[in-house]
Amino acid sequence: MADLSFLGFLVLLLPLTLLLLLYLIVRPKPVRIPIKDRHVFITGGSSGIGLALAHQAAKEGARVSILARSGKKLEEAKQSIQLATGIEVATYSADVRDFDAVKTALDEAGPVDVLVVNQGVFVPGELEVQSLDEVRLMIDVNITGSFHMIKAALPLIKKRQNGGPASIALMSSQAGQVGIYGYTAYSASKFGLRGLAEALQQEVIADDIHVSLIFPPDTETPGLEEENKRRPRLTSIIAASSGAMKADEVAKKALDGIKSGSFIVPCNSEGFLLSIATAGLSPQRSVLMAFVEVVAAGLIRFVALCFQWNWYGSIEKWHARGKSVNHADL
């Protein structure tokens with residue numbers, strides 16, 4: 001009986017000891033980033049997730065600015081936000097690939113408390129058949145455009161008026177956590193945001209600026225239907241398990257993550273599992289999440305291998321079927 005009691009004591013002591021150790025070493029420390037009465041600047045803000053984020057931030061009392069290429073869409077977004085919230089947002093028309101245009105817009109907008117780098121383009125296709133112009137477009141908008149926005153905004157974030165904690169949030173994708181057939185260029189552009197975010201967080205933490213990396217799944221946006229038409233059939237088979245979310249749902253998850261200063265912001269249960277599986281050397285503010293990552297790492301790795309087994313099985317079957325068809329034609 002005494003042995004069982006001692007064993008029970010050890011079972012309780014070990015997780016408590018791990019939690020205490022994690023409390024001492026987890027960095028950066030937890031933070032809360034207020035939104036009310038602060039300037040939130042959102043790129044890609046005229047539609048989709050960006051527009052939904054603008055609505056959410058305006059509802060919470062933020063001063064909102066949105067940037068996009070189309071002046072017409074910006075005006076429509078401005079009117080929809082004003083109709084829904086009674087708040088007038090500022091709009092800026094610029095292409096994120098043009099650093100000078102982006103800098104001019106930000107200089108006009110003034111000091112920024114929360115920057116949401118949300119712009120993005122996705123052109124699905126196997127690399128062998130995809131044009132280099134399409135590859136360059138995704139790299140230029142998704143990666144280079146993000147560098148342009150952050151570089152232009154950093155001096156203005158450091159000049160923020162209230163001196164409270166600030167945020168830079170980058171909109172990645174679940175394709176930025178795991179590579180999928182037909183997403184070669186897109187995944188590369190979204191994986192790149194992680195390296196940007198991890199290094200940037202170390203560079204700006206001393207200025208009380210906190211980086212968030214958001215990983216939405218497929219989202220019901222104006223471009224999704226067209227993207228689905230262009231997806232390789234095999235991509236749709238492999239990605240069939242991941243359902244689409246509404247833009248409003250993603251925006252709420254994203255804004256909650258930004259306010260809590262979370263570095264990794266998953267948007268659904270699948271994204272949560274992916275965040276554990278790909279935690280690596282990324283920052284983690286939450287002691288509880290750090291505990292889950294440490295304890296569940298082995299099991300989640302096994303689950304990930306099961307997914308890979310399923311995906312590669314689908315690829316093998318697809319190509320075997322293609323060869324059978326070709327032989328039949330001969």
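This is a short tour of a predicted model, stop by stop, with something to select at each one.

**Stop 1: the largest nonpolar core**

Start by selecting Phe41, Leu106, Leu115, Ile150 and Leu170. The largest nonpolar core has 35 residues, and these five touch the most other members. Next, colour the elements that each give two or more residues to this core: α4 (99-109), β4 (114-117), α5 (132-158), β5 (166-171), α6 (184-204) and β6 (209-215). Which of them gives the largest share? That is α5, with nine residues.

Now zoom in on Ile150. Setting aside residues up to four places away in sequence, Ile150 touches Leu115, Val117, Ile168, Leu170, Leu196 and Leu200. Apart from this core lies another one, of 34 residues; to find it, select some of its members, including Ile35, Ile42, Ile49 and Ile214.

**Stop 2: methionine 171**

Move on to Met171, which sits in strand β5. Is Met171 buried or exposed? It counts as buried, because its relative accessibility is 4%, and the cut-off for buried is under 20%. Show the neighbours of Met171 next: Ile49, Leu53, Val117, Asn118, Lys190, Leu193, Ile214, Pro216 and Ala254, again not counting residues up to four places away in sequence. If your viewer has a distance tool, try it on the C-alpha atoms of Met171 and Arg285: they are 19 Å apart, while 114 residues separate the two along the chain.

**Stop 3: salt bridges**

Here is the idea to keep in mind: side chains of opposite charge can pair when their charged atoms come close. The count for this model is 13 salt bridges, and three of them make good stops.

- Select Asp95 and Arg97. Their side chains meet in a salt bridge, with 2.8 Å from N to O. Asp95 is partly exposed, at 21% relative accessibility, and Arg97 is partly exposed too, at 35%.
- Select Lys103 and Asp107. The closest N and O atoms of this salt bridge are 3.0 Å apart. The two residues are four apart in helix α4, so about one helical turn separates them. Asp107 is partly exposed, with a relative accessible area of 43%, and Lys103 is partly exposed as well, at 35%.
- Select Asp256 and Lys259. In this salt bridge the closest N and O atoms are 3.9 Å apart. Both residues belong to helix α9, where they are three residues apart, so here again the separation is about one helical turn. Asp256 counts as partly exposed at 33%, whereas Lys259 is buried at 16%. Add Glu60 and Lys252 to your selection, and you will have one network, in which salt bridges that share partners join Glu60, Lys252, Asp256 and Lys259.

**Stop 4: the second largest pocket**

For the last stop, switch on a surface view. Rolling a probe the size of a water molecule over the atoms shows where empty space is left. The second largest pocket holds about 410 Å³ of space. Which residues lie nearest its centre? Select Ser260, Ser262, Ile264, Val265 and Pro266, which are part of a lining of 22 residues. Then colour α9 (247-259), β9 (264-266), α10 (269-277) and α11 (287-329), since each supplies at least two residues of that lining. Finally, colour the lining by residue type: ten of its residues are nonpolar, seven polar and five charged.

Technical notes: Residues numbered from 1 in each chain as written. Predicted model: local features only at pLDDT ≥ 70, side-chain atom pairs only at ≥ 80, totals over all residues. Heavy atoms only, no water. Core = buried A, V, L, I, M, F, W, Y, C linked by side-chain atoms within 4.5 Å. Buried < 20%, exposed > 50% of the residue type's maximum accessible area, 1.4 Å probe, protein only. Contact = heavy atoms within 4.5 Å. 1 Å grid on protein atoms, 1.4 Å probe; cavity = no way out; pocket = protein on both sides within 12 Å on 5 of 7 lines; lining within 4 Å. Points joined across faces, edges and corners; volume = space filled by probe spheres on them. Nonpolar A, V, L, I, M, F, W, Y, C, P; charged D, E, K, R; others polar. Salt bridge = Lys/Arg side-chain N within 4 Å of Asp/Glu carboxyl O.
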